[in-house]
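Got your viewer open and a selection tool ready? Let's walk through this one stop at a time, picking a few pieces at each stop.

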Amino acid sequence: MSAPHDVVIIGSGFGGIGLAIRLVQEGFGDIAVLEKADDLGGTWRDNTYPGAACDIPSLLYSFSFEPKTDWSRRFPPQAEILDYLRACARKHGIMPLIRFGTEVTEARFDEDAGLWHIDTGRGDTLSARVLVSACGQLNRPVVPPIPGQDAFTGTSFHSARWDHDAELDGRRVAIIGTGASAVQIVPEVARRAGHLTVFQRSAPYVIDKPDRPYRAWERALLRTVPGLYALGRARVYAVYEARALGFIRYPAMMKLIVRRWRTHMHRQIPDPGLRRRLVPDYPAGCKRILISDDYYPALTRPNVDLVTERIERITPDGVRTADGREHPADVIVYATGFATSGFVAPMKITGRDGRELNEEWREGALAHLGMTVHGFPNFFLLYGPYTNLGHNSIIYMLESQFRYVLGCVRRLREENLAWLEVRSDVQDAFGREMDARLRATVWDSGCTSWYMTENGKVVNNWPGFTFAYRRATRRPDPAHFHARRAAGG
């Protein structure tokens, strides 16, 4: 086994790359970033389906320490986001630190040595003083177990594993799911397919998307006028941050979203029968609110059918629904989301006294401030439990976490500590506070969503303003941790 690294980061999406950059800037040079794929980018590497784009404005979708003034559109497309992240990694010297094709299978904490030992699928073992999981919440695609899937004779794949060799032009295509990915995929596929069948289990709220290309003169101004980019970013942040009021404090404000959705749908769907089938059966905001200007029009095309009957099974030639109808398909796309509440699964993370993290989280994930877990010293999560957002940019949350993790790593170095571990009472108090606050939010208003565990507990979302999270994470409180000094310290 080689000498221990200062920090090992698992994952090379926005969280992993951003933290690596900040660690290098702080003088921590002995870093390894372990990436199971052959390229960086996380969700923006994996989701290459037609129409893939961000639903947060581009002015907010970049690191504050690496501004980008030349976005092509108000809402950035997937390829442009991925290029941005690659450029950040190259500029800050992160590429040589990434070990591609290296999947972590297990990590164990050695209490005596104060080290994490990390096993990879390549058969090697690394060690690190600090271990960071930057795997995110949207990295494990889920294909629901529908009977008959193996008998299908056509082509099938998940939207996050898009088969770019699949022939869609003039073919019969079935898309299962109507979530965020499907809303972007359907319009693109509808223009190419001979016939498209969209299978909807639950109708989403889809509101208008104020997207357009940036003009050359706008990009020039953002690039050359001092303070203009920062001002534009602050304005967009304030507008989006205000939306939190409807999610977390005053659910009645969601009536404004409902009115916007209803106006949007009536303007784009002239058929009253189709409109009735597109009415959600849950409060606005309980599931993710989607934005699109071309999803509803796509459903009105003569070559598109919306099916709301329950899927009974996949047949060799298509999809059969509970009413006995068989819908022929040459291609099936599963736009069925991700396993979001495991956070570190399928890795096995073992802390002090043989504690296994997935077992500790059997009733729902819990980490203080979404980052630190009692019993797992010198281990941190980025984009962990209680840190997802329904209203603003996750990059803002990640940058808050970077600062907090850096504060802990800096303390380990400056005070010659072997390890830091969050106290159990601090973690439990945080969990109780989150549970109480989340019960008052729209996310806990009666629907089933990817924000929840199987037993209906919301564990993904932050029930507050992002600036409140930044204030709470501005520096690690030494009183929140047990600390052990290094030998000879």
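In what sense do β1 and strand β2 pair, and over how many bridges? Select β1 and β2 (residues 31-34): they pair in the parallel sense, over four bridges. Two strands count as paired here if DSSP finds at least two bridges between them. The names come from DSSP runs, numbered from the N terminus: helices are H or I runs of at least four residues, and strands are E runs of at least two.

Some ground rules before we move on. You're looking at a predicted model, in which local features need pLDDT of at least 70 and side-chain atom pairs count only at pLDDT 80 or more, while totals for chains, interfaces and linings use all residues. Residues are numbered from 1 along each chain as its sequence is written, and side-chain values use heavy atoms, with hydrogens and water left out.

**Stop 1: around β1**

Stay on strand β1 (residues 5-10). Five of its six residues are buried, so the strand is largely enclosed by the rest of the structure. Buried means under 20% relative accessible area, exposed means over 50%, and partly exposed is in between (1.4 Å probe, protein chains only).

To see how β1 lines up with β2, click Val 7 and find its bridge partner, Ile 31. Now add helix α1 (residues 14-25): β1, α1 and β2 make a right-handed β-α-β unit. Right-handed means that, with the strands pointing away from you, the path from the first strand over the helix to the second runs clockwise.

Next, select strand β6 (residues 125-133), which runs parallel to β1 and is joined to it by five bridges. His 5 has its bridge partner in β6 at Ala 128.

**Stop 2: a five-stranded sheet**

Color β7, β16, β8, β9 and β12. In that order they form an open sheet with parallel pairing. At the edges you'll find β7 (155-158) and β12 (304-307), each pairing on one side only. Ignoring direction, neighbouring strands of this sheet are turned by 15° against each other on average. (Angles run from 0 to 180 degrees between N-to-C directions, with axes fitted to C-alpha atoms, for helices over the stretch in contact.)

Zoom in on β8 (residues 172-176) and β16 (residues 331-334), a parallel pair with four bridges. Ala 174 stands opposite Ile 332 of β16.

Now click Thr 197, in strand β9. Its relative accessible area is 4%, so Thr 197 is buried. Leaving aside residues up to four places away in sequence, Thr 197 touches Val 173, Ala 174, Ile 175, Asp 305, Val 307 and His 327. A contact here means heavy atoms within 4.5 Å.

**Stop 3: the helix across the sheet**

Show helix α4 (residues 180-190). It lies across β8, β9 (195-199) and β12, and runs at about 170° to β8. Is it enclosed or not? Nine of the eleven residues of α4 are buried, so the helix is largely enclosed by the rest of the structure. Those buried residues include Ile 185, Val 186 and Val 189. They pack against β8, β9, β10 (206-207), β11 (290-291), α10 (295-299) and β12.

**Stop 4: the core**

Which residues touch the most other members of the largest nonpolar core? Select Ile 9, Phe 14, Ile 175 and Leu 196, from a core of 150 residues. Helix α12 (residues 394-414) gives the most to this core, with twelve residues. Such a core is a set of buried Ala, Val, Leu, Ile, Met, Phe, Trp, Tyr and Cys residues joined through side-chain atoms within 4.5 Å.

Ile 175 is a good one to click: among the residues it touches are Ala 182, Leu 196, Phe 199 and Val 333.

**Stop 5: the cysteines**

How many disulfides does a search of the whole structure find? One. A disulfide is a pair of cysteine sulfur atoms within 2.5 Å, and this one joins Cys 286 to Cys 447, with 2.0 Å from S to S. The torsion about its S-S bond is about -100°, so the disulfide is left-handed. The partners sit 161 residues apart, Cys 286 in the loop between α9 (272-277) and β11, and Cys 447 in the loop between α13 (424-438) and α14 (466-472).

Last click: Cys 54. Its sulfur is 14 Å from the closest cysteine sulfur, in Cys 88, which is too far for a bond.
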